[in-house]
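I wanted to look up how the aromatic rings are arranged here, and where charged side chains sit over them. My notes follow.

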Amino acid sequence: QVELVESGGGLVQAGDSLRLSCAASERAFSTYTMGWFRQAPGKEREFVALITSFGRTYYADFVKGRFTGSRDNAKKTGYLQMSSLKPEDTAVYYCAAGPLATPTREDYTSWGQGTQVTVSS
């Protein structure tokens, strides 16, 4: 397992952009798939995006064209660039690391503590 720390959340207005970061504690992070998930109040944690160790990306339908995932393995850091934010994007966003390129949260073995994103209308 690797320790993950998210940052970059905050309060923004609808239509604004925000970039989340996820810093890993170990260089082994470069061999893992990195996932982004989110959890809104009263809802289950849901998949948002993943970035494989080779940099390939896969997104949930509701963020395609608005969110972009990336990673810098040399810096042991992953990113989620969010644009055209909507009030329904309000949630706690989590990064995760795991050995499989999958949108299933149970397949991820390490999780960050989460960062709050609030989008006002």
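For these entries I took rings of Phe, Tyr and Trp (its six-membered ring) as a pair if their centres lie within 6.5 Å. The model is predicted, and I read every value below with that in mind.

Entry one, the pairs. With that rule I arrive at a count of 6 aromatic pairs. I looked up Phe37 and Phe47, whose rings are 5.8 Å apart centre to centre with 75° between the planes, an edge-to-face pair. Phe37 belongs to strand 4 (residues 33-39) and Phe47 to strand 5 (residues 46-51), so this pair ties together parts that are 10 residues apart in sequence. I then checked accessibility: Phe37 counts as buried because its relative accessibility is 1%, and Phe47 also counts as buried, at 12%.

Entry two, another pair. Tyr108 and Trp111 are edge-to-face, and I noted 6.3 Å centre to centre and 65° between the planes. Tyr108 is buried at 5% relative accessibility, whereas Trp111, with a relative accessible area of 27%, is partly exposed.

Entry three, the cluster. I asked which residues form one aromatic cluster. I found Phe37, Phe47, Tyr58, Tyr94, Tyr108 and Trp111 in it.

Entry four, charges over rings. I found the charged end of Arg45 over the ring of Trp111, at 5.0 Å from the ring's centre, and Trp111 is a member of the cluster I listed above. I also recorded Arg71, which lies over the face of Phe29 at 4.5 Å from the ring centre.

Terms used
Residues are numbered from 1 along each chain as its sequence is written. This is a predicted model: local features need pLDDT of at least 70, side-chain atom pairs count only at pLDDT 80 or more; totals for chains, interfaces and linings use all residues. Side-chain values use heavy atoms; hydrogens and water are left out. Rings of Phe, Tyr and Trp (its six-membered ring) pair if their centres lie within 6.5 Å; planes under 30 degrees apart count as stacked, over 60 as edge-to-face and the rest as tilted. Helices (H or I, at least four residues) and strands (E, at least two) are DSSP runs, numbered from the N terminus. Buried means under 20% relative accessible area, exposed over 50%, partly exposed in between (1.4 Å probe, protein chains only). A charge sits over a ring if NZ of Lys or CZ of Arg is within 6 Å of the ring centre and within 35 degrees of the ring normal.
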